[in-house]
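The exercises that follow are meant to be worked through with the sequence and the 3D structure at hand. Each one sets a task and then gives a solution in steps.

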Amino acid sequence: VLTPLDVVLHVVVTLVAPPLLLGVINKTKAAFAGRVGPPVLQPYFDLARLFQKGSVFSTTTTWVFRAGPVVALVAALFAAQLVPYGARGAALSFAGDMILFAYLFALGRFFTVAAALDTGSAFEGMGGAREATFSCFAEPALFLGLMVLVRLTGSSSLATMFGAGLGGHWATTGASLVMVLASLVVVLLVENSRIPFDDPNTHLELTMIHEVMVLDHSGPLFGAVLYGAAIKLFVLGAVVVRLALPFETGVAVYDWAVFAAGMLGLAVAIGVVESVMARLRMRQVPSLLVGACLLSAFGIVLLAR
Amino acid sequence: VTELLVWLAIGLCAASGLLGALFPRGTAMAQRLPVALMAAGSVAGLAASMLTLAFGTRRYVHPWPVPGGELSLRLDALAAMFLIQIFLIAALGAVYGLGYWADDAHGDTARKLRSFFGLVTAGMALLVVAGNAVLFLVGWEVMALAAFFLVSTEDEDPAVRAAGMVYLFATRIGTLCLFAFFTVLHSVNGSFDLHAPPIAAGSSVATALFVLALAGFGLKAGAMPLHVWLPGAHANAPSHVSALMSGVLIKMGIYGLVRFLTWFPAPPPWWGTALLAAGAVSGVVGVLFALAQHDIKRLLAYHSVENIGIILLGLGIGLLGRTWSDDAIFVLGVGGALLHVWNHGLFKALLFLGAGSVVHATGTREIDSLGGLSKRMPYSTAGFVTGAVAICGLPPLNGFVSELLIYLALVRACAHASGTLFAAGAFGAPVLAMIGALALACFVKVIGTGFLGEPRSAAAGNAHEAGRAMLAPMAVLAAFCAAIGLAPGLFAPALDAALATFAPPAGASHALAPLASLAPFTTLSAVGVALVLAIGVGLLWGRRVRAAAPATVPTWDCGYAAPTARMQYTSSSFASGLVELFSAVLRPRGQSPSLRGPFPAPARFHSHVPEVVLDHAITPSVRLVARGLVWFRWIQRGAIQLYVLYVLAALVIALLVWR
């Protein structure tokens with residue numbers, strides 16, 4: 001049962017925890033490269049620094065340029081309230097909230113890409129075009145995966161779809177859920193611009209996707225971009241973690257512990273992927289996303305009995 | 001009173017332009033009187049719709065000396081829903097026309113335009129309230145022919161003439177299908193009165209009716225692949241006419257189809273499946289073609305095909321729900337489709353009016369010649385962005401609400417025990433998601449390259465903000481987009497009433513569950529308001545950051561010293577990735593030069609996505625048929641007297657045969 005404390009914790013975790021994920025990913029990558037690496041809390045220091053800085057604006061930009069980071073951050077914060085963290089439920093849930101969840105991220109994307117084009121830079125336009133193109137395949141992959149859970153639970157609310165009883169569905173329809181899990185991991189990586197789709201550390205503007213779209217943002221607005229991106233990673237990560245760890249202990253502390261361990265594990269896993277894999281050539285990204293769609297589609301077909 | 005108001009509305013709208021033409025050209029009276037009459041007619045029409053929604057269905061019957069005809073009006077909630085849309089957008093369009101197509105700039109065509117603008121409105125209103133097939137067809141033909149003259153307003157341009165002719169052919173074929181439809185209906189009903197025929201939905205007559213309705217009404221609605229007339233007609237008409245045609249006129253096809261579907265309480269499964277499939281094809285292919293366009297109005301026209309697809313998706317899943325007697329799926333699916341009819345009218349009219357302001361200010365429809373308009377036309381840009389967010393189905397505006405209802409229907413279908421419903425829901429929802437993502441890519445492209453960045457041509461650099469007569473209608477439409485998005489619960493009762501016009505299943509006297517009990521309207525309102533507030537606070541914060549910024553510099557271009565506006569990403573580059581991925585459907589044509597040597601000669605690149613169905617299927621087959629019919633050419637003398645003689649001869653022969 002969801003208590004007021006859970007709701008408060010949900011909101012606080014959403015606000016505080018996301019940058020930690022980036023710290024863990026970077027630490028993992030450093031460990032693989034044989035470096036000491038920045039402290040785990042470095043993303044917090046970076047954000048604090050950015051929010052104290054002044055900004056440089058391009059003469060070309062208008063209000064849309066400022067709306068990009070703001071809308072993306074607000075949309076991610078709202079979407080986070082709909083996602084169950086582990087077995088402890090979501091802060092807000094209603095029938096159809098999975099659709100609001102997906103469309104809030106779309107709203108953020110709309111303004112992020114528009115802000116990129118607002119600078120008039122060819123590089124940022126290129127990044128925006130890639131982001132818009134790849135999401136045309138990521139969205140159906142996400143929905144195909146979610147429809148499997150809709151079929152299993154009869155609900156369109158994330159808190160119920162990923163709520164109690166998920167373990168039971170793993171026992172009966174594990175094959176479908178494995179496919180959905182794989183497909184959602186692909187969606188997680190592409191939506192958050194991680195390797196193998198995009199390299200957050202690349203230094204060549206021509207090859208970037210997300211980083212190049214925010215090339216002209218600086219100071220507090222760039223801080224908002226990074227913070228919003230961290231929340232998005234955390235929220236989509238929470239969906240994947242809950243699907244992979246469908247346990248409920250009934251004791252709040254243990255449930256939160258399972259969730260925290262899962263999220264840290266996910267961060268390490270992303271770090272490992274980024275350390276051992278090269279990024280794909282840009283042309284191969286749609287193929288992989290179509291593959292993810294097909295995987296989930298097979299998951300649906302397996303349910304037709 | 002209601003009947004009087006309806007006749008008053010139709011009469012005032014029909015007469016508005018003609019009365020205005022009595023005054024000398026260019027005078028304030030000649031321009032403002034028609035608009036005032038349109039506004040008065042619209043107020044009367046809206047009042048009649050409200051009365052109908054409040055007090056229920058009315059029928060008014062008067063004798064009419066036309067054979068088979070009766071002056072019979074049927075005012076029910078379904079008709080009222082469509083009337084509201086017709087009169088709201090027509091009145092706003094007329095006001096916009098004051099600034100957009102003024103006498104001093106457009107001479108005689110302005111008068112012609114105002115006359116036919118009133119007529120097309122009156123025709124649409126008449127067909128919606130008609131309770132008799134003959135009256136319906138009169139309204140339908142007035143609408144279709146007046147629209148032809150509206151499309152070919154600028155008939156000195158060959159492209160406009162061609163678009164007008166394609167439209168005329170399409171609408172004739174559609175009317176032919178409707179003649180057949182009403183003849184079949186007459187044969188089972190025994191009269192031209194429009195009511196449910198006493199046949200089962202599974203019978204072969206019902207099948208014939210369904211196919212004819214799908215062809216005749218689908219042609220008007222512009223469902224793929226019957227959309228061929230639509231892009232040219234909408235692109236070449238003056239913008240407020242495009243707004244009326246795209247926002248309202250194509251919905252008359254949907255009205256006819258929905259009216260037909262209300263008659264059958266138990267449609268066979270393949271009806272719903274057919275609509276669902278037509279919707280999916282229209283939606284995905286329509287938005288793909290939109291993405292590939294360089295012309296801002298042609299692009300918007302293809303989005304009409306896409307949105308008709310979304311409406312058909314909703315109707316299809318709702319109909320499947322009706323087949324399996326699942327009221328929740330029916331209410332959500334058809335309710336979502338009807339709300340999307342309203343929503344599409346609002347945001348598409350807003351977008352076309354916004355595009356009209358751009359054309360008015362710059363003189364070009366090429367997206368790649370625009371740019372930088374956001375600084376020069378801030379209000380028009382804000383209006384266009386609002387429309388774009390709404391049409392992409394993004395929260396917190398109205399497009400999200402109707403798409404959410406359709407999603408909820410698909411979700412319930414996915415969880416249903418029936419295999420057909422399961423498949424429809426499980427694969428329909430991802431299709432809708434893909435349509436949404438593609439629409440987003442398309443509108444970000446238009447806004448990003450057309451309105452943001454630096455001006456790409458002198459015309460765009462010298463653009464000016466539109467006048468008040470053009471901005472006010474856009475503001476009203478934007479306000480409605482926000483109102484439906486933030487308070488959908490206020491509008492749900494009208495949808496419930498419209499859904500109640502569907503014939504109940506035999507023997508059952510149960511009431512449908514209200515939409516508000518199936519969809520989380522109050523939560524949506526709360527979340528929407530919170531979202532608006534949060535974004536508002538964030539934007540204020542962004543303003544403060546901007547005000548405190550120590551420096552403004554040119555955009556970072558990786559150290560390149562002399563960036564020019566032509567180095568910006570163009571709309572065709574933005575779309576090229578997706579166009580290439582879907583080249584099997586789009587068949588893009590282009591010419592890319594090959595550059596050789598260290599100092600290559602100047603070269604040009606161009607790309608173009610033609611109307612594939614028209615160019616590859618319709619035109620060749622029509623040419624083939626025309627070659628076969630060359631021997632009948634002697635009948636076509638081009639003399640009107642002869643044609644009247646033909647009509648007389650045909651009538652006499654028909655009467656002799658009938659005896």
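**Exercise 1. Decide whether S193(A) is buried or exposed, and describe its backbone and its place in the chain.**

Solution. The cut-off for a buried residue is a relative accessible area under 20%. S193(A) has a relative accessibility of 6%, and therefore it counts as buried. The model worked with here is a predicted one, and in it the phi angle of S193(A) is near 55 degrees, a positive value in a residue other than glycine. As for its place, S193(A) is found in the loop between α8 and α9 of chain A.

**Exercise 2. Examine R194(A) and P196(A), and state where each of them lies.**

Solution. Begin with R194(A), which lies in the loop between α8 and α9 of chain A. With a relative accessibility of 8%, R194(A) counts as buried. When its neighbours within four places in sequence are left aside, R194(A) is in contact with a set of residues that includes L22(A), I25(A), L233(A) and E274(A). Turn next to P196(A), which lies in the loop between α8 (166-191) and α9 (210-213) of chain A. The peptide bond that joins I195(A) and P196(A) is cis, with omega at about 10 degrees.

**Exercise 3. Find the cis peptide bond that P396(B) takes part in, and then describe S325(B).**

Solution. The cis bond joins P395(B) and P396(B), and its omega is about 5 degrees. P396(B) has its place in the loop between α15 and α16 of chain B. S325(B) is in the loop between α12 (296-323) and α13 (327-362) of chain B, and its phi is near 45 degrees, a positive value in a residue other than glycine. Its relative accessibility is 60%, and so S325(B) counts as exposed.

**Exercise 4. Describe the contact between chain B and chain A, first by its extent and then by the make-up of the side given by chain B.**

Solution. Start with the number of residues: 74 from chain B and 72 from chain A take part in the contact. Between them the two chains bury about 6200 Å², of which 78% is on carbon and sulfur atoms. Within chain B, F422(B), T555(B) and Y569(B) lose the most area to chain A, and together they make up 9% of what that side buries.

Next come the polar pairs, where the count between chain B and chain A is 12 residue pairs in polar contact, both residues being at pLDDT 80 or more. Several elements give two or more residues to the side of chain B that touches chain A, among them α16 (398-414), α17 (419-451), α22 (521-547) and α23 (571-581) of chain B. The largest share of that side, 18 residues, comes from α17(B). Sorted by class, the side of chain B that touches chain A has 53 nonpolar, 14 polar and seven charged residues.

**Exercise 5. Work out in which sense β1 of chain A and β3(B) pair, and find the bridge partner of S58(A).**

Solution. Strand β1 (residues 56-58) of chain A and β3(B) pair in the parallel sense, over three bridges. Within β3(B), it is V553(B) that is the bridge partner of S58(A).

**Exercise 6. Locate the salt bridge across the interface of chain B and chain A, and explain why it joins two chains.**

Solution. Across this interface the rule finds one salt bridge. The side chains of R283(A) and E580(B) meet in it, at 3.2 Å from N to O. R283(A) lies in the loop between α11 (252-276) and α12 (285-303) of chain A, while E580(B) lies in helix α23 of chain B, so the pair joins two chains. R283(A), at 65% relative accessibility, counts as exposed, whereas E580(B) is partly exposed, with a relative accessible area of 46%.

**Exercise 7. Describe the salt bridge between D76(B) and R259(B), and say how far apart the two residues are in the chain.**

Solution. The side chains of D76(B) and R259(B) meet at 2.8 Å, N to O. This pair links distant parts of the chain, since D76(B) is in the loop between β2 (71-75) and α3 (77-100) of chain B and R259(B) is in helix α10 (residues 251-261) of chain B, 183 residues apart. D76(B) is buried, with a relative accessible area of 4%, and R259(B), at 8% relative accessibility, counts as buried.

Conventions: Residues are numbered from 1 along each chain as its sequence is written. Chains are lettered from A and ligands numbered from 1 in the order in which they are written. This is a predicted model: local features need pLDDT of at least 70, side-chain atom pairs count only at pLDDT 80 or more; totals for chains, interfaces and linings use all residues. Side-chain values use heavy atoms; hydrogens and water are left out. Contact means heavy atoms within 4.5 Å. Buried area is the accessible area (1.4 Å probe) that two parts lose on being put together, summed over both. A salt bridge is a side-chain nitrogen of Lys or Arg within 4 Å of a carboxyl oxygen of Asp or Glu. A polar contact is a pair of N or O atoms within 3.5 Å; within protein, one must be able to donate a hydrogen and the other to accept it, and residues adjacent in sequence count only if both atoms are side-chain atoms. Helices (H or I, at least four residues) and strands (E, at least two) are DSSP runs, numbered from the N terminus. Ala, Val, Leu, Ile, Met, Phe, Trp, Tyr, Cys and Pro count as nonpolar, Asp, Glu, Lys and Arg as charged, and the others, Gly among them, as polar. Two strands pair if DSSP finds at least two bridges between them. Buried means under 20% relative accessible area, exposed over 50%, partly exposed in between (1.4 Å probe, protein chains only).
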